Amino acid sequence: MKRILTTKNIALFYLAFLLTGSVTAQYSPTPAFEGKIGKTVETTTESAPKINPKAPAGAPNIVWIQIDDIGYGAISAFGGLIETPNIDRLANQGIRYTNFHTTAFCAPTRAALLTGRNQHSVHFGFFASNSYNTPGYDGYLPFEKATVGEILRENGYNTFAVGKYHLTHPADATQAGPFNRWPTGRGFDHYFGFSPEVAATDQWHPTLYRDTQREPEDTKGRHVTELLANEAIHYISGQKAAAPDKPFFLYFAPGAVHAPIQVSKEWIDKYKGKFKAGWDQYKETVLKNQIALGVVPANTKLAPANPGVKEWNALSADERKLFERYIEVYAGFVSHTDHEIGRIINHIEQIGQLDNTLVVVLVGDNGAEGAGREIGRFLTNKPNETQDQTIARYVKNLDLLGTENSSALYPDGWAAATNTPFRYYKSYGNLEGGTHDPLILFYPGKIKDKGGIRHQYSHVNDILPTTLELAGARVPAVINGYSQEPIEGVSLAYSVDAANKNAPERHTVQYHEMTGSHAIYKDGWKASFPRDRSKRIPQSQEKWHLYNLKEDFNELNDLADKHPDKVKELAEVFDKEAWKYNVYPLKDKWETANQSIYDGKTKVTLYPETHYTGSSAFRFGTSSYSISARAVVPAKGAEGVLLSYGNTLSGLSFYVKNKKLVFAYNSEGKVLELTSDKPVPAGDITLKVQVLYSNDKKDKEVTLFINEEKAGTLNLGTIATAASGYEGLEVGSDVGTTVSPAYKAPFAFTGVLKDIVIEKL
């Protein structure tokens, strides 16, 4: 939808900037010429057009740091046993907020963070890749609700986004665009990070974009968090060299510590043997630390074990060995992330800017991830394998955990432990374990209560108005021609002064909702209604529960039966908020709609030198299909990958080697290959593989064709369906980790590849 800049909007625009003390903006009508035009230069008086806003003198630089998938009890700054000295430094010189809340999932949290509004209000009640065509869930951020990048750019800032964005609809996330909802279309001067619609990438072989163009793979094989920190430092250095008096805004959002949990051995070894006591002891130690720090009330008790989590001492020796390595890898990943954050902060200090920089650290966009279930995962699962067999296979391959040849996610026991003192996990929008995360504000220019603790209720939509107030910035009434709707969060700036550390909270009402689970907070009371897709909470408990959070920090005492009138009151408040902010209908199903731009298509044509990643990748699923390549092979022959899908753990590859056509099918790291029984000739050729599923969707019969003539057949048998992992689909090469060990990446095709046609049969 495009909005025309009407006379009324122009008037509102000028009124807005008069109110904010500025009369210019980057997107404004051409201003009237204020000089004098003569026939000659000598009789002319110049007047430069006032087209760019200028920040007030002394306006602070601003850095937002958003860490992914981490619980309240993980980092040392909040009592956890994972060392984060750089975040500790910011907390010890700034303020810790102990009652901060997110939305229970990453994209909705980021939508609320970047806009200062509720997630459903900006159309992100869930993910754009699972969107539903109602205003609360369609996955299109409205232009009437500007992002922090758009707002600060109109306040005279340079704006940079680095890392994970996750707010572009899959339909827009290709080289066809449109690009107005990519980061650079929503207020960021530069973007360096993941494909903008995806939630994660491989940490060792990331798919990265610079602005709107795919970035080549790093030739040095560096970890993605290091690459992101390098780019953040690069942006800051370049900006300050060019405009030393102009403030910058950096949104630094690494994929860490979202799965796949991968980090170098030196960081894993740092924690070797440190978690031998297990997760039960971890929780007890962390709670004591939290009470001593003052980040939980002194009367806080440990929550009972979540369903499916065994006592550590009841585990087998193999389970303990495996689970101990999981947390060593995860802790190493967290500490490595802290190290890269420290590099950015140290650079800002080295160039003399730290004292005038506001840093906001959001330690989590939700609680710890609980999708690993009882035993976690780091290799792909085999069909019909028992849990004991999986554990034995994992222990046998333990040295792979955390490497490029694994895709690790810890088990629920460690998710629960790092969520201390809360129950349950990420995705539970009704419970504190899904929504309660650490928050840190650091700003030497204004924060004098160094190491202070604040207990007022706050929500992720409060960060933008807090930032604007502390920076002295304002929201124009019109941005890019769109009249702006009100900010919905509440500024926390009132709480910064030590004299106000116990001031009454100003964010007094806040709804929560995620995949049908919902809750309402009001004046210290919380009513909670679970609807659990993962079936940990029985259906019989799908009713209103009531907690007095002022007395019961981690929701252990349900008071619903004791105070039915309070339940009724809060249920009515939730209903009112839900209608107001597009929460209805409660979307309690996780559909797979909009997972790919090719959903619903039975035939697609792809071209070389194009990479289809994340939600833009074609998905093969469990239907029969064929892959055809039209190519030109020179007289001397050619070799290389025609199409690859996936990585070393799972996927498929269609390639030519030693003048033979090969189809490789990777299932849980085991590669089955069919090689043609005749050579690939020179000239214009068509190469084809056909994969036919049996009626039970398990057996797969593969047939190769060269110029429409059969060239070999193989029945793959009952094996798992190939998945793309985090590497997606590549045409003409296999970047990252290879699907087949028969070649080395990228093994680009050396002939002329015209196109690839994928057809579902």
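# Buried contacts, strand pairing and salt bridges

In this structure, the side chain of Lys 145 makes a polar contact with the side chain of Ser 121, at 2.6 Å. A polar contact is a pair of N or O atoms within 3.5 Å; within protein, one must be able to donate a hydrogen and the other to accept it, and residues adjacent in sequence count only if both atoms are side-chain atoms.

Before going further, I should say that this is a predicted model, in which local features need pLDDT of at least 70 and side-chain atom pairs count only at pLDDT 80 or more, while totals for chains, interfaces and linings use all residues. Residues are numbered from 1 along each chain as its sequence is written, and side-chain values use heavy atoms, with hydrogens and water left out.

Let me return to Lys 145. Where does Lys 145 lie? Lys 145 is found in the loop between helix H3 (106-115) and helix H4 (148-153). Helices (H or I, at least four residues) and strands (E, at least two) are DSSP runs, numbered from the N terminus. Lys 145 is buried, its relative accessible area being 9%. Here, buried means under 20% relative accessible area, exposed means over 50%, and partly exposed is in between, with a 1.4 Å probe and protein chains only. Not counting residues up to four places away in sequence, Lys 145 touches Thr 115, Arg 117, Ser 121, Val 122, Arg 186, Gln 484, Glu 485 and Glu 488; contact means heavy atoms within 4.5 Å.

A second loop residue is His 166, placed between strand E3 (158-163) and strand E4 (190-194). His 166 is buried as well, with a relative accessible area of 5%. Leaving aside neighbours within four places in sequence, the contacts of His 166 include Cys 106, Arg 110, Phe 124, Phe 127 and Pro 196.

Arg 110 leads us to the salt bridges. The term denotes a side-chain nitrogen of Lys or Arg within 4 Å of a carboxyl oxygen of Asp or Glu. How many does a search of the whole structure find? The search finds 37 salt bridges, and I shall present three of them.

In one, Asp 68 is bonded to Arg 110, with the closest N and O atoms 3.1 Å apart. Asp 68 lies in the loop between strand E1 (61-67) and helix H2 (85-92), and Arg 110 in helix H3, so this pair ties together parts that are 42 residues apart in sequence. Asp 68 is buried, at a relative accessible area of 0%, and Arg 110 is buried, also at 0%. Asp 68 and Arg 110 belong to a network of salt bridges together with Lys 164 and Asp 365.

In another, Glu 83 pairs with Lys 274, the closest N and O atoms being 3.8 Å apart. Glu 83 sits in the loop between E1 and H2, and Lys 274 in the loop between helix H6 (265-269) and helix H7 (279-293), so parts 191 residues apart in sequence are tied together. Are these two residues buried or exposed? Glu 83 counts as partly exposed at 35% relative accessibility, and Lys 274 is partly exposed at 48%.

The third joins Glu 432 and Lys 526, whose closest N and O atoms are 2.7 Å apart. This pair links distant parts of the chain, 94 residues apart: Glu 432 in helix H11 (residues 432-435) and Lys 526 in strand E16 (residues 525-529). Glu 432 is buried, with a relative accessible area of 2%, and Lys 526 is buried, with a value of 2%.

Next, a helix. Of the 9 residues of helix H12 (residues 463-471), 8 are buried, so H12 is largely enclosed by the rest of the structure. Among the buried residues of H12 are Ile 463, Leu 464, Pro 465 and Leu 470. Gly 472 follows H12 and has a positive phi, near 70 degrees.

Finally, the strands. An open sheet is formed by 6 strands in the order E18-E29-E20-E25-E26-E27, with antiparallel pairing; two strands pair if DSSP finds at least two bridges between them. Strand E18 (603-606) and strand E27 (709-718) are the edges, each pairing on one side only. Within the sheet, strand E20 (residues 625-633) pairs with strand E25 (residues 683-693) over 9 bridges, and Ala 629 stands opposite Leu 687 in E25.

Elsewhere, strand E23 (residues 660-667) and strand E24 (residues 670-679) run antiparallel and are joined by 7 bridges. E23 and E24 form a hairpin with 2 residues between them, and Glu 668 in the turn has a positive phi of about 55 degrees. Across this hairpin, Ala 664 stands opposite Glu 673 in E24.
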